[in-house]
Amino acid sequence: MEKYVKVVVRSNTIYTDNLFTYQIPALLIDNLEIGHRVLVPFGRGNKPTEAFVFEISDKLEEKIKTKEVVDILDENPIFKIEDLELVSWMKNRYLCTYIDCINLIYPKGYKLNNYKVVSFNDDYENLNQFQLQLILSNISNEEKKIIDEIINNKGKIKVEKLKNISNVNNILERLKRKEIIKISWEYKNHKNEKKICYISLSMDGEDVDDYILNHKIKTGSKQKEIINFLKYNDEVEINDLLELLNASRQSITSLHEKKLINLELKDYYRKPESIYTSVSKKIELNSEQKNAIDKIKSQMFDEDKKPYMIHGVTGSGKTEVYMEIIDSALNQGLDSIVLVPEISLTPQSISRFKNKFGEIVGVFHSQLSEGQKHDVYKAIKSGKIRILIGARSALFAPFNSLGVIIIDEFHESAYKSEKNPKFNAIEVAKFLSVKKNISLILGSATPSIEEYYKAKQGEYNLIKIQQRANNKPLPKINVVDMKEELNKGNKSIFSMKLQLEIQEAIKNDSQIILFLNRRGYANFISCRKCGYVFQCENCDISLTYHKGDNIGRCHYCGYEKEIPIECPECKSKYVKPFGVGTQRIEEELKTIFKDIKILRMDKDTTSKKGSLEEILNKFKNKEADVLIGTQMISKGLDFDNVTLVGILSADMILKFPDFKSSETTFQLITQVSGRAGRSDKEGSVILQTYDTDHYAIRRAINYDYEGFYNDEIKIRNAFGYAPFNNMISVVVSGNNEHLVKQNAKNMYDSIVYLLKSRGIDNFEFILGPNPCTIAKINQNYRWQILFKDDNIEINLLKGIIKYICITKRDVVFNKDINISIDINPNSVL
DNA sequence: GAGCGTAACCTA
DNA sequence: AGGTTACGCTCA
């Protein structure tokens, strides 16, 4: 009986983003399963291509000519049915390609390479020297060059390696016509599995000498040495042995051929090192924590359970709760995933998990090398890792019996991917939790408005923890009005109150955290006389001043420019940096407090691997009085000795032209404040702002989440923002400004045309096309159209966008135009 | 988007 | 004829 498979082919284009049908050859019929990775011929040249089996069927639905599957690439299917369902769901949800989604769950380290090789035609393969001379005498010099290359490479060479010879293609074509050579596709299936070879005697040490005598085996002196060494050492790593005895590989091969030794490959695990250490502290759980744990534990095996939302104040010991739940899951044989916003920022919590659970804790994030990722992947599959801590991509880890997913600080924007597939980790986790009956737990001190709204609608089990773990009060937040400060004649970045408290803290041997949400020295550089502002040459962004090198740097593309003394416009010498960044805070703090020791933590000081952990270690060991940082310091840091937190400019984020700016401000103030007074010493917070009346600031200083939520949800409702509407952003970009604008308008017209044909004639739910707020990034001009599902069903809207931007892409858009579709984006800049 | 075939254009 | 390049059409 004939059988067919429907596969997704690895080819990086939307034009081949559909299921292709291949026939299964009789040989493979019994073994081929859904989820297998197979090799298929693809395209005119039948290039060997990796493909993924989505369906198996007995007959062809339509009359199409099919090719045959060549081979199955792995013994077992690499994907389960649920994995494929997830892929299809994500593709539809985020309007991306199959391959984008497959890449997320694809075994790390696997790779199929394909390449073309030139070799002699069959008849020429067993040539003798005489025949070869005959061929060589019959061809041109150029042709000879290529033949020589083939001979030098043992009769076969990759076409790629001949690229430096001019006009290769034609010469090859000629040789092919003369039937001297053939060109064919080959492939290699890499699995990047690092194995270590162990060597041992194939028999008992006492029997070796007899065996050698009886079988009259000759062994060289080096070989004897090796055998003697192995008599006293059971199993040795081959490289160690070679080095130790200064032996050669040849001796080993020879011994192996004589069947005197066994060679065995064993898995090797590359472990990412962590230099951050912490002592485990015993915490007595309070009743709120216990209740949360009991509730989640008791429902672990219930079907149809809702996800949980833990809304616990900063320092309420959410991590303890997570660990108890994970422990309980572990005892039931269930594995856990803990998502953290950005893994490099949480060495503290990772070390706490490792202290409690030891070797079964794995860490996964994008900064690992491909090899390390692969090893983690394999360790999960083999059950060596039972708990995985990682960034959003850790969701796709191949656990066999996943029972718990925890999303810590779930309000963080890092859970929304910015690149394809532009998925939201919370949504994906919900999908998985329903599919696999997983306990999903979201935790935060400042839940996002969207999710909290859903919790109030009954989509979550809402669990509140209102007491800090050690029953310490939350630090008091004191507001300083910077307008008044200016009236009093204080032009410094530091209010008088903050200066006094810093002095006090230092006197008491306590530590201080200062927060400012901008790195660099100053946020723009301008001429005071003519108003000229230094701009990035590639982006529509003003350059940030970095004092050490006297350069302006673009924080979008990395462009750098030395800042001249003279204004390039009016030649005056009044070029000055304006605004404040962390660098400047550090500098001014040093002028006020002469002997102060300062650590700075922002993207500039933590870009090197391990530098973040180093800064945290230094601060923990009290090698500095003050830690200055951007929003990096708001996430999960836990230092006993910090009593004072200074928020230098609380309204900085408020001015962002984004509907989430109030929410972000509230969250940052709450989170940063939560770094103070976490242990025995009482903490306090100084919050400096020009806008003392804003509801986000007023609510934050009273730790009034409910109040803030009520204020904010009204505004969201009035303007039709999330959670009341979905928003779809389509950004059209390219290096030709006019073309980009034209294409964006084209797209708008096409969509309006389609909508009209469906009887819709109110287009208020479409905003644009407009140039993006940042109209140019990296020489790419950007236009945007925003859609809200106000007046229209979301799936109809998505269907139309998909039709125009994907199906009919080549009709509506020019070839060198990029289109980026984002469902509920983080920001619309 | 890659790979392939083909048309068109240049060179000696 | 030999060499080079630009373009358009698939992809099961």
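Here a trainee and a mentor talk through some labels used for this predicted model.

Trainee: Let's start with charged pairs. What makes E85 and K435 a salt bridge?

Mentor: The cut-off is 4 Å between a side-chain nitrogen of Lys or Arg and a carboxyl oxygen of Asp or Glu. For E85 and K435 the N to O distance is 3.1 Å, so the pair fits that definition.

Trainee: And which parts of the chain does that pair link?

Mentor: Distant ones: E85 sits in helix α2 (residues 81–94) and K435 in helix α15 (residues 425–436), 350 residues apart.

Trainee: Why is E85 called partly exposed?

Mentor: Buried is under 20% and exposed is over 50%, with partly exposed in between. E85 has a relative accessible area of 33%, so it gets the middle label. K435, with 40%, is partly exposed as well.

Trainee: How do you know that E451 is buried?

Mentor: Its relative accessible area is 6%, and buried means under 20%. Its salt-bridge partner is K454, at 3.4 Å, N to O. K454 has 23% relative accessibility, so it counts as partly exposed.

Trainee: What separates E451 and K454 along the helix?

Mentor: About one helical turn, because they are three residues apart in helix α16 (residues 449–456).

Trainee: What about D704 and R699: how do you know that they form a salt bridge?

Mentor: Their closest N and O atoms are 2.8 Å apart, and the limit is 4 Å, so the label holds. D704 is partly exposed at 23%, and R699 is partly exposed at 23% too. Elsewhere, salt bridges that share partners join R10, R37, E50, D74 and K191 into one network.

Trainee: How many salt bridges turn up in the whole structure?

Mentor: A search finds 36.

Trainee: On to the DNA. Which residues come closest to DNA strand C?

Mentor: G43, K65, K67, N167 and R174 are the closest of the 18 residues that surround DNA strand C. Of the strand's atoms that come within 4 Å of the protein, sugar and phosphate account for 59%.

Trainee: What makes the approach of R174 to DNA strand C a polar contact?

Mentor: A polar side-chain atom of R174 is 2.7 Å from a phosphate oxygen of DNA strand C, and the limit for such a pair is 3.5 Å, so it qualifies. K67 puts a polar backbone atom 2.6 Å from a sugar or linking oxygen of the strand. R44 has a side-chain N or O atom 3.4 Å from a base nitrogen.

Trainee: Which element gives the largest share of that surface?

Mentor: β2, with four residues. By class, the surface near DNA strand C has seven nonpolar, six polar and five charged residues.

Trainee: Last topic, strand β21. Why is β21 described as largely enclosed?

Mentor: Because five of the five residues of β21 (residues 511–515) are buried. In a regular strand, side chains alternate between the two faces of the sheet. In β21, Q511, I513 and F515 are buried on one side, and I512 and L514 on the other, so both faces are covered.

Trainee: How do you know that β21 pairs with β29?

Mentor: The requirement is at least two bridges, and five join β21 to β29 (residues 642–647), running parallel. One of the bridge partners is V642 in β29, which goes with Q511. β21 also pairs with β28 (residues 626–629) in the parallel sense, over four bridges. There, I513 stands opposite L627.

Definitions and conventions: Residues are numbered from 1 along each chain as its sequence is written. Chains are lettered from A and ligands numbered from 1 in the order in which they are written. This is a predicted model: local features need pLDDT of at least 70, side-chain atom pairs count only at pLDDT 80 or more; totals for chains, interfaces and linings use all residues. Side-chain values use heavy atoms; hydrogens and water are left out. Helices (H or I, at least four residues) and strands (E, at least two) are DSSP runs, numbered from the N terminus. Buried means under 20% relative accessible area, exposed over 50%, partly exposed in between (1.4 Å probe, protein chains only). A residue is near a molecule or strand if one of its heavy atoms lies within 4 Å of it. A polar contact is a pair of N or O atoms within 3.5 Å; within protein, one must be able to donate a hydrogen and the other to accept it, and residues adjacent in sequence count only if both atoms are side-chain atoms. Ala, Val, Leu, Ile, Met, Phe, Trp, Tyr, Cys and Pro count as nonpolar, Asp, Glu, Lys and Arg as charged, and the others, Gly among them, as polar.
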